[in-house]
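Please open the model in your viewer and keep a selection tool at hand, since the tour below moves from one selection to the next.

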Amino acid sequence: MALALVIRCLPRSMNGSIRTSHMWSKGQLNGSIFKHYPAAGLLAKDTNAMVAVAPRREMSDGGDHVKLWTAERALSVGLLGIIPAAFIVPSPAMDYLLAVSLVMHCHWGIEASVVDYIRPAIFGPVIPKVAIASLYGLSIFALGGLIYFSYSDVGLVNAVKMFWKLDMRNILKLVCMVLPKLTLRVTHYQYS
Amino acid sequence: MSIALRRLMACPGLHRGAFGGVMGSQIRNVVLRSQPAAVKTAEDFFEKNERLKRPMSPHLTIYKPQITSMLSISHRITGIAVTGYVYAFSIGMMCLPASFPHYCAALATASPALLFSAKFLLAFPFAYHTCNGVRHLMWDLAKGLEISQVYKTGYTMLAATTLLTLALLFC
């Protein structure tokens with residue numbers, strides 16, 4: 001049990017059966033783990049070949065996840081600048097940039113969720129693939145729509161601005177309408 | 001007891017007289033043979049769990065809702081919400097015949113409370129996802145991963161979200 005825990009605690013790169021036994025036989029991990037789990041060291045030396053380690057489960061073989069991960073983070077940081085910039089200095093170019101970066105960020109986020117929740121263990125081999133494919137279709141469609149909107153309509157930033165301006169007067173009206181009533185009710189309550 | 005005795009009697013080579021002899025001089029020959037252990041390599045951890053019908057671990061339902069997990073799942077929910085707005089706007093505007101100002105003018109006649117609610121529903125998820133996104137990016141740089149810091153930045157993020165939402169709504 002303790003051994004199993006030790007194996008779980010190892011970094012992923014060591015979590016393959018071949019590499020693990022190799023490292024133990026060379027005694028490379030003595031300092032870090034066997035200091036805290038002397039029994040584990042004993043066990044490992046004696047039963048080196050019989051240590052059963054769960055095989056690594058790769059999401060996909062051959063894909064460069066490090067580059068994708070870095071690109072996702074770079075885009076996230078970029079959006080923190082692009083969104084305010086698009087509103088401060090609006091232009092068609094900024095609108096297109098916003099559309100592309102926003103949809104890419106949205107797509108990657110949803111893709112991560114789909115991979116997490118619509119997984120083969122629950123949905124079988126087909127549905128997860130269909131879900132990812134549909135998401136790609138939807139994202140491409142949405143990106144096309146936003147670019148078309150920026151090209152043929154008022155543009156993304158202007159649309160948000162127009163909608164946002166809409167209710168300021170109405171909100172003020174609402175406040176003017178509601179506040180006296182509230183005050184009246186409070187004063188009424190106090191005097192009754 | 002009687003069954004055991006009957007078994008002893010039935011064994012060949014034990015008929016050496018009375019019971020006393022049986023109990024005293026019983027010798028069993030045991031031959032040890034080494035056999036390679038049957039190693040199962042085909043089944044991995046997840047397949048074994050499935051075969052044994054083990055429930056998924058950790059059991060989310062047995063945990064008390066904590067700020068760590070709640071802020072985490074909210075990040076995903078708000079992200080999905082904002083994505084929903086963006087995609088719905090894009091596809092909706094593609095399908096609608098008139099241009100945006102037409103619909104915006106139509107919305108101007110909607111009740112202030114409705115418009116305010118709509119604005120809040122747009123602004124809050126965006127503000128939350130933005131503020132918590134900064135927190136996530138900080139974690140990606142391996143900063144603020146101590147549990148006390150996670151709580152501290154969590155509360156700071158909630159305050160920042162509130163301020164940003166109010167700023168978006170009223171500025």
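A salt bridge is counted here when a side-chain nitrogen of Lys or Arg lies within 4 Å of a carboxyl oxygen of Asp or Glu. Please keep in mind throughout that this is a predicted model.

**Stop 1: charged pairs**

With that rule, five salt bridges are found over all chains. Select A:Glu72, A:Arg73 and B:Asp140 together, and you have a network of residues linked by salt bridges. Within this network, the side chains of A:Arg73 and A:Glu72 meet with an N to O distance of 3.0 Å. A:Arg73 has a relative accessibility of 24%, and therefore counts as partly exposed, given that buried means under 20% and exposed over 50%.

Next, select A:Asp116 and B:Arg76, whose side chains form a salt bridge at 2.8 Å, N to O. This pair crosses between chains, running from helix H6 of chain A, which holds A:Asp116, to helix H4 of chain B, which holds B:Arg76. Both ends can be checked for accessibility: A:Asp116 is partly exposed at 36%, and B:Arg76 is partly exposed at 23%.

For a further example, go to chain B and select B:Arg51 with B:Glu43, a salt bridge in which the closest N and O atoms are 2.5 Å apart. Here B:Arg51 is partly exposed, with a relative accessibility of 46%, and B:Glu43 is partly exposed as well, at 28%.

**Stop 2: the helices of chain A**

Now colour chain A by secondary structure; you should find 10 helices and zero strands. Of the 192 residues in chain A, 31% count as buried. Among the contacts in this chain between residues at least 6 apart in sequence, 56% join residues at least 24 apart. The accessible surface of chain A comes to about 12800 Å², and 70% of that surface belongs to carbon and sulfur atoms.

**Stop 3: the nonpolar cores**

Which residues touch the most other members of the largest nonpolar core? Select A:Ile83, A:Ala86, A:Leu98, A:Leu102, A:Leu146, B:Val86 and B:Tyr87, which hold that position within a core of 17 residues. At least two residues of this core come from each of the following: helices H5 (65–88), H6 (92–117), H8 (127–152) and H9 (156–166) of chain A, and helix H4 (67–95) of chain B. Helix H6 of chain A gives the most to this core, with six residues.

Centre the view on A:Ala86 and show its surroundings: leaving aside neighbours within four places in sequence, A:Ala86 is in contact with A:Met94, A:Leu98 and A:Val157. A second, separate core of 12 residues can then be selected, and it includes A:Leu166, B:Cys104, B:Leu115 and B:Ala123.

**Stop 4: aromatic rings**

Over all chains, the count comes to seven aromatic pairs. Select B:Phe116 and B:Phe170, whose ring centres are 5.8 Å apart and whose planes stand at 40 degrees, so the pair is tilted. These two rings link distant parts of the chain, 54 residues apart, with B:Phe116 in helix H6 (residues 112–140) of chain B and B:Phe170 in helix H7 (residues 147–170) of chain B. B:Phe116 is partly exposed, at 25% relative accessibility, and B:Phe170 is partly exposed, at 43%.

Then select B:Phe124 and B:Tyr128, where the centres lie 6.0 Å apart and the planes are at 50 degrees, so this pair is tilted. Being four residues apart in helix H6 of chain B, B:Phe124 and B:Tyr128 are separated by about one helical turn. Is B:Tyr128 buried or exposed? B:Tyr128 counts as buried, with a relative accessibility of 3%, whereas B:Phe124 is partly exposed at 32%.

To finish this stop, select A:Phe149, B:Phe89 and B:Phe100, which form one aromatic cluster.

**Stop 5: a nonpolar patch on the surface**

Finally, switch to a surface display and select A:Ile122, A:Phe123, A:Val126, A:Ile127 and A:Val130, which form a nonpolar patch with about 460 Å² of accessible area together. Helix H7 (120–123) and helix H8 of chain A each supply at least two residues of the patch. A:Phe123 is found in helix H7 of chain A, and at 37% relative accessibility A:Phe123 counts as partly exposed.

Terms used:
Residues are numbered from 1 along each chain as its sequence is written. Chains are lettered from A and ligands numbered from 1 in the order in which they are written. This is a predicted model: local features need pLDDT of at least 70, side-chain atom pairs count only at pLDDT 80 or more; totals for chains, interfaces and linings use all residues. Side-chain values use heavy atoms; hydrogens and water are left out. A nonpolar core is a set of buried Ala, Val, Leu, Ile, Met, Phe, Trp, Tyr and Cys residues joined through side-chain atoms within 4.5 Å. Buried means under 20% relative accessible area, exposed over 50%, partly exposed in between (1.4 Å probe, protein chains only). Contact means heavy atoms within 4.5 Å. Rings of Phe, Tyr and Trp (its six-membered ring) pair if their centres lie within 6.5 Å; planes under 30 degrees apart count as stacked, over 60 as edge-to-face and the rest as tilted. Patches are made of residues with over 30% relative accessible area and no salt bridge: like charges are joined within 9 Å, nonpolar side chains (Val, Leu, Ile, Met, Phe, Trp, Tyr) within 5 Å. Accessible areas come from the Shrake-Rupley method with a 1.4 Å probe; for residues, only the protein chains shown count as cover.
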